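Me: I'd like to understand the labels people put on residues and ring pairs. Could you go through the reasoning with me?

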Amino acid sequence: MKESSTSVQEPPGAAGHLPHPPPAWRPRTDPAPLLPDPEPYRVLGTDAAAGADPALLLRLYAELVRGRRYNTQATALTKQGRLAVYPSSTGQEACQIAAALVLREQDWLFPSYRDTLAAVARGLDPVQALTLLRGDWHTGYDPHEHRIAPLSTPLATQLPHAVGLAHAARLKGDDVVALALVGDGGTSEGDFHEALNFAAVWRVPVVFLVQNNGFAISVPLAKQTAAPSLAHKAVGYGMPGRLVDGNDVVAVHTVLGEALARAGRGEGPTLVEAVTYRIDAHTNADDATRYRAGDEVEIWRAHDPLRLLEHELTARGVLDEDGIRKAAEAAETMAARLRDRMNAEPVLNPMDLFTHVYADQTVQLREQAAQLRAELDASAEEGSGEEPGAGSGEGRTEGSGEVR
């Protein structure tokens with residue numbers, strides 16, 4: 001039988017059986033360049049810190065201070081009934097600040113539901129970032145205007161979207177890189193596999209940042225995967241995996257910067273695992289004491305990203321007491337404005353349910369809109385105190401999520 005020229009091995013015992021798969025079976029022979037370092041990459045507390053740009057360090061510090069205050073204020077708003085839910089990122093601020101600041105204006109951020117801080121650090125209005133969690137709109141901002149995709153509540157569904165956008169941008173010749181954020185729990189989803197596989201095959205300009213905070217709600221990482229690290233998963237898709245200390249904001253910024261530059265040069269995607277910790281509960285509705293010990297939390301508090309950077313800057317003389325005070329005052333001003341604006345009652349229009357579903361409404365949506373309009377008018381006529389057509393949306397800036 002003539003020897004096959006394909007890469008498909010015939011069953012044992014078949015005529016013409018090849019004893020070994022032909023060379024096409026192994027397109028890449030050396031996985032070593034794709035493997036992550038054995039230990040997370042660090043900058044703070046090492047000789048590499050001396051070479052960091054002082055201006056960048058101070059900007060990172062100011063954003064970390066503001067981010068910590070943003071988290072505590074948003075958590076307080078849930079207790080006051082002003083937010084339906086808030087997934088705090090306290091302890092993970094370094095990942096989110098670095099992700100926001102490393103992007104260029106034309107690049108895109110694809111956040112998960114826990115990444116409101118990354119969106120705010122990218123320049124989004126804090127109230128707009130919280131609109132989804134308040135329950136007012138599906139998203140409180142224009143994604144295209146800010147280059148920030150909607151906050152993704154279902155796990156990992158934002159990853160294929162990031163790949164699709166980045167691939168389309170490259171086909172159009174646009175200089176755009178997408179940075180997609182996901183938690184360790186999201187790496188168990190099929191969307192994670194599909195996104196990484198397509199990204200690697202197509203060499204898409206996208207970077208995946210996994211914030212490994214130890215738990216997928218109450219499930220510890222050890223019950224999710226037996227891999228040496230989540231960064232090791234990159235090798236199976238044919239892309240580099242990087243492991244970084246997620247509480248070292250300078251290290252995260254450095255690693256992400258290198259990955260984005262690589263993607264921008266057309267060298268394909270990178271998977272970055274940032275090892276961090278979720279200090280607060282999964283959300284305000286979660287009781288974390290049921291699945292983790294307080295001693296574990298206190299150990300991670302000693303590795304707090306804000307204190308790590310503050311210690312480095314003060315030890316090097318880059319930051320003094322006056323700088324610390326000014327950063328804290330700016331954060332308090334932000335928190336006060338956020339609190340005041342979130343305490344204002346929103347003016348909502350029920351008809352907005354149909355506004356941003358399709359550019360051209362379907363027959364079914366038009367029928368549903370007409371039915372709702374009739375119910376609103378009937379309610380007003382029955383003496384509800386509202387005029388027919390109440391809830392016209394006056395008082396809200398279209399698409400902004402801001403209450404005037």
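Me: Why is Trp202 called partly exposed?
Reply: Happy to help, and keep in mind that this is a predicted model. Trp202 has a relative accessibility of 36%. Buried means under 20% and exposed means over 50%, with partly exposed in between, so Trp202 counts as partly exposed. Trp202 is found in helix α7, residues 190-202, and joins Phe198 and Val201 in a nonpolar surface patch of about 310 Å².

Me: What makes the pair of Phe215 and Tyr277 edge-to-face?
Reply: The structure holds six aromatic pairs. In the pair of Phe215 and Tyr277, the centres are 6.4 Å apart and the planes stand at 80°. Ring centres must lie within 6.5 Å to pair, and planes over 60 degrees apart count as edge-to-face, so the label fits this pair. Phe215 lies in strand β4 and Tyr277 in the loop between β7 and α9, 62 residues apart.

Me: How do you know whether Phe215 and Tyr277 are buried or exposed?
Reply: The cut-off for buried is under 20% relative accessible area. Phe215 has 9% and Tyr277 has 3%, so both are buried.

Me: Why is the pair of Tyr277 and Trp300 called stacked?
Reply: Their ring centres are 5.2 Å apart, with the planes at 10°. Planes under 30 degrees apart count as stacked, so this pair is stacked. Trp300 is in helix α9, 23 residues from Tyr277.

Me: Which residues do ring pairs link into a cluster?
Reply: The cluster is made of Phe215, Tyr277, Tyr291 and Trp300. Trp300 has a relative accessible area of 24%, so this residue is partly exposed.

Definitions and conventions. Residues numbered from 1 in each chain as written. Predicted model: local features only at pLDDT ≥ 70, side-chain atom pairs only at ≥ 80, totals over all residues. Heavy atoms only, no water. Patch = residues over 30% accessible without salt bridge, like charges linked within 9 Å, V, L, I, M, F, W, Y side chains within 5 Å. Areas by Shrake-Rupley, 256 points an atom, 1.4 Å probe, with all protein chains shown as cover. Salt bridge = Lys/Arg side-chain N within 4 Å of Asp/Glu carboxyl O. Helix = DSSP H or I, 4+ residues; strand = E, 2+ residues; numbered from the N terminus. Buried < 20%, exposed > 50% of the residue type's maximum accessible area, 1.4 Å probe, protein only.
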